[in-house]
Each structure stands twice: as C-alpha cells, then as structure tokens.
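Please open the model in a viewer and keep the selection panel at hand. The tour below proceeds from one selection to the next.

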Amino acid sequence: MNAVLSRFSPSRRRFAGLLGLAALPVPWARAQTAVAPQPAAAPPRWGAPVFVLNSLDGNVSVIDAIRWTEIKRIPTGKEPHHLYLTPDDKSVIVANAASDSLTFIDPRTAEVQRTIRDIRDPYHLRFSPDMKWFVTAANRLNHIDIYSWDGANPTLVKRIPTARTPSHLWIDTKSTTVWSSMQDSNELVVIDLATQQLTHRAKTGPMPADVFVTPDDRHLLLGLTGGTGVEVYDVAGGKMPQLVQTIATGKGAHAFRATGDRRHVFVSNRVANTISKIDYEKFTVVDTFPAPAGPDCMDVSADGSLIMVGSRWAGRLTLIDVAKRQVVHQVKVGKSPHGVWTLDHAERI
C-alpha cells in the first residue's frame, strides 16, 4: 500500500482500489486529470467566495466567484473533509479529522476567526435545526459525538460507540433524530437526541455514504458508494428504517445536494463520473449531467443554475451549467478536493 492510501479508512482504501488507484505512486491517476473544453459562455458570477477543502493538503482553497480563480489557500489541519455554517451565519466550520480540530472561517471575507481543538476525529458535522446540538461523526474512531451548543462553543454531552466507520449525518427538522451511515459495516443507525441513545440499526447496501432526508422527515435517501444507486428508506417518526426502493443512478453514488426547489436533489456518482437529479416525490432520476474525474461533494448556486463539484481525482473544482447540461469551467485547487461550500447557495431541502 502506498503512503497516501494508508492514511485513509478501510472503506476509502477499498474505493480507491476499485478505481485502480491502489498501485499508483502518486495520489491520483494522471489519466483522470484532463480538463473539459471550455465553451465561450462564462459561468455565472456572484460575490461570496466558494470554499473547497483539499483533504490531502490540509488546507482550503478560496475561489473568487466573479473571476472563478483561486485567490488563496487557508491552512487548517490534517484531512479537512466537510464543513458547515454556524447557526448565526457568522462562521463556516471546517472539520479537520486527523488534527482533532475545528477551524472557523468568515464565510464572507474568508478570514480565519479561531480554532477549537480536542474535537475527536470530526469527519462529518451537523447542527440541529433548533440550534441546541452539534453532532460529529468520528470516521476513524467509530463513534458519534453529541455536543451541546451555547451559541459559541460545543460541550461534549455523550460519546456513542457505533459500528465501523461512521460517515455522513442528518438531523430531522424537529431536532429529535440523528441518522448516520456506517461505511465499513454497511449499516444505517438511528440516534435519539433527547436520550442520546442509539435506537436502531438497519443493514444497507455496500459502502453507504451521504444521507438526505425529505422535508417531511418521512423518507431517507442513502448513497451507495460501493453500489450503483441510492436506497430509499421509510424513517417516519424516527422508527427502524425500512427499505422501500432503490434508485439506479450510476456507480459510486456518494454525495447529495438539494437543488433548492423542494422537489429535487442531486447525487454525485463518483465512478460513473456523472451527477443525477432525483425527484424525491416520485423517487426517479429526471436528469443526468457529466461530471469528470470522480465527482464528490458539491454546492448549488442560489438560483439553481450552477453546480460546483469537486473533481476528486483531478484536483479541480468543476462548474456545470444546469440548463446546458455541460461543464463550463474548471478551477485548479489542491489534492483530493472534498467539501465544497458557498454562502450564496440554493436552499438545502
């Protein structure tokens, strides 16, 4: 195993092997790095910067969303994978999994505000809608931490042992239930926030990753990075998840992002190199977009016209025009770009 891949969890190493990357002497395959031709039309412009987390570089690329160029990189900590906005909208929190820290950045000026340490392995993170709870998933250490939130700082309330490799989190609109995928034990677990108890375990398809719950809290969509689509579960009332349907999207279904119309959600298919648009009322794929070099996390512009997605194997932020269904621009960033976020984003549900 090469030095780069040894830093990953078992599921991420296995996924790299599926792509034929395990024998490479460099982090990602050079054959995947070709930049798509740029059409004459320029991508849309707006004011707020776009943040791209470079997981293997330990920093954040800040993208000027007017010129669509990288303007600086912010050192954070080892393995920044995901980020989330604080309830007061004043800070975007970058979770540095291998450094056990959180970096707070001004979402408007891209200036570092502070760092909180001794947060164990914060791979994924989420606030409850009532702003009382802050939850992190420890991907390497196999636990989920529940913190109380006083408006400024997290205080650990409960550490919950889980199964192997907790990955992505979601909290219901009533701030009562946490769902988390388990990538290396192929499970979906349910946690009751009031009691901080793990209440249910449901077996899933291979390598479950991101989680998206419909606005009525009734159905949960689960991306199968080791499979070819998205599983749909009935989770109403925080009950034991019941599989009701599987949606074929493409190999390596991984990360979700809502389109902003309260009807559709995008999912990136990392192996298929596509992004599928799902109607989450009918649970059908209604559109597909090309997305080169291992599309991963993404964000969507406030007007829904532009998808910004990290091309994981190419070290690029890729911009996709939704109306044209094509790549319109790419921005060179760092190694293994993961989380993508901007303040000027579409509604999250």
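**The largest pocket**

The tour of this predicted model begins at its largest pocket, which holds about 980 Å³ of space. Select Tyr84, Arg126, Trp170, Arg257 and Arg348: of the 40 residues that line the pocket, these lie nearest its centre. Colouring the lining by class gives 23 nonpolar, 9 polar and 8 charged residues.

Next, display the strands around this space. At least two lining residues come from each of β4 (80-85), β8 (124-127), β12 (166-171), β16 (208-213), β20 (253-258), β24 (295-300) and β28 (337-342).

**From the pocket to a sheet**

Keep β8, one of the strands that contribute to the lining, and add β9, β10 and β11. These 4 strands make up an open antiparallel sheet, ordered β8-β9-β10-β11. Its edges are β8 and β11 (154-161), each of which pairs on one side only. Viewed across the sheet, neighbouring strands are turned by 20° against each other on average, with direction ignored.

Now restrict the selection to β10 (residues 143-149) and β11, whose antiparallel pairing runs over 7 bridges. Which residue of β11 stands opposite Ser148? Selecting the two strands shows Thr155 in that position.

**The largest nonpolar core**

Finally, select Trp179, Phe212, Leu220, Leu221 and Val230, which touch the most other members of the 24-residue largest nonpolar core. Two or more core residues are supplied by each of β14 (187-192), β16, β17 (219-224), β18 (229-234), β20 and β21 (264-269). The greatest contribution is that of β17, with 4 residues. Two of the contributing strands, β16 and β20, also supply residues to the pocket lining.

Methods. Residues numbered from 1 in each chain as written. Predicted model: local features only at pLDDT ≥ 70, side-chain atom pairs only at ≥ 80, totals over all residues. Heavy atoms only, no water. 1 Å grid on protein atoms, 1.4 Å probe; cavity = no way out; pocket = protein on both sides within 12 Å on 5 of 7 lines; lining within 4 Å. Points joined across faces, edges and corners; volume = space filled by probe spheres on them. Nonpolar A, V, L, I, M, F, W, Y, C, P; charged D, E, K, R; others polar. Pairing = 2+ DSSP bridges. Axes fitted to C-alpha atoms, helices over the stretch in contact; angles between N-to-C directions. Core = buried A, V, L, I, M, F, W, Y, C linked by side-chain atoms within 4.5 Å. Buried < 20%, exposed > 50% of the residue type's maximum accessible area, 1.4 Å probe, protein only.
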